[in-house]
Amino acid sequence: MILYFTATGNSRWIAELLAEAMHDTAVSIVDCLKQGSIPAGLSTADRLGIVFPVHSWYAPRVLIDFLSQLRLPDCCYRYAVCTCGDDMGKGMNRLAEHFPLDAAWSVAMPNTYVPMFNLDDEALCRKKIENARHAIASIVADVIARKKVWSVHEGGAAWLKTYVVNPLFVRFTIGTKGFHVDEGCVSCGICRKSCPVGNIKMVDGRPVWGKQCIHCMACLHACPQEVIQYGKTTRKKGRYRLTDYL
């Protein structure tokens, strides 16, 4: 089984490619959370994969909380694949402190955190996605062989990013005050449906954000009118849709 957490779709795509290549099953953690359930069969699982996006050089808190509920046999081969715009810092090591891993990989995918960074240009997006396809083949071979591999691009100042910057980011940056909607909202509700943690409600036809935001930016990228903004920095930065590059 492969459990994946996704917001903009990058991690779902990776998980589905892995599952197809290994004749495995990809299961959405978001769906599990909505149903309030844990997938059946984990207590006897021989192999379990986790695929997730990197948020400020660590895994999203909602993923950590979900993994803490899992009970796996000692013989289960555990591996994780993270998707990130560039580097992971020591995030995979920090994850392994809570959820022991036999193997881990990072896969570079198009950057989507537009409040701080620009979107990758089209050429770079296509290059990252093509490289990811090649990386999957190598990961599949290692997983099938149950190899103990640690192929994670940590980048510079890795410990500082994960153990200092990330906690500060979570405490002082993650929030919903910066979200607002420009003129042109058509009340389609796609933003509400796209939120992986159910943090958006439609009030009088407009999105209203709650207090459980994880700053994944799924709502911002999913809006077909491109009228959801965060602060003053996102209006001219474009939007990312994985399907544009597949």
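1. Largest pocket. In this predicted model, the largest pocket holds about 620 Å³ of space. Its lining counts 27 residues. Closest to the pocket centre are Val54, Ser56, Gly85, Asn111 and Tyr113.

2. Elements around the pocket. Which elements give two or more residues to the lining of the largest pocket? They are α1 (10-22), β4 (77-84) and α6 (158-172). Two of these, α1 and α6, come back below as partners in helix crossings.

3. Character of the lining. The lining of the largest pocket has 13 nonpolar residues, twelve polar ones and two charged ones.

4. Crossing of α1 and α5. Helix α5 spans residues 122-144. Its axis and that of α1 come within 10 Å. They cross at roughly 45 degrees. That angle lies between the 35-degree limit for roughly parallel and the 65 degrees where roughly perpendicular begins, so the two helices, α1 and α5, are oblique to each other. The crossing is right-handed.

5. Residues between α1 and α5. From α1 come Trp13, Ile14, Leu17, Leu18, Ala21 and Met22. From α5 come Ile129, Ala132, Arg133, Ile136, Ile139, Val140, Val143 and Ile144. By class, this contact has 13 nonpolar residues, no polar ones and one charged.

6. Crossing of α4 and α6. Helix α4 covers residues 91-98. The axes of α4 and α6 come within 9 Å and cross at roughly 85 degrees. The range from 65 to 115 degrees counts as roughly perpendicular, and α4 and α6 are therefore roughly perpendicular to each other.

7. Residues between α4 and α6. On the α4 side, Gly91, Asn93, Arg94 and Glu97 take part. On the α6 side, their partners are Thr162, Tyr163, Asn166 and Pro167. What classes do the residues of the contact of α4 with α6 divide into? Two are nonpolar, four polar and two charged.

Notes. Residues numbered from 1 in each chain as written. Predicted model: local features only at pLDDT ≥ 70, side-chain atom pairs only at ≥ 80, totals over all residues. Heavy atoms only, no water. 1 Å grid on protein atoms, 1.4 Å probe; cavity = no way out; pocket = protein on both sides within 12 Å on 5 of 7 lines; lining within 4 Å. Points joined across faces, edges and corners; volume = space filled by probe spheres on them. Helix = DSSP H or I, 4+ residues; strand = E, 2+ residues; numbered from the N terminus. Nonpolar A, V, L, I, M, F, W, Y, C, P; charged D, E, K, R; others polar. Axes fitted to C-alpha atoms, helices over the stretch in contact; angles between N-to-C directions. Parallel < 35°, antiparallel > 145°, perpendicular 65-115°, else oblique. Left-handed = near helix turned anticlockwise from the far one by under 90°. Contact = heavy atoms within 4.5 Å.
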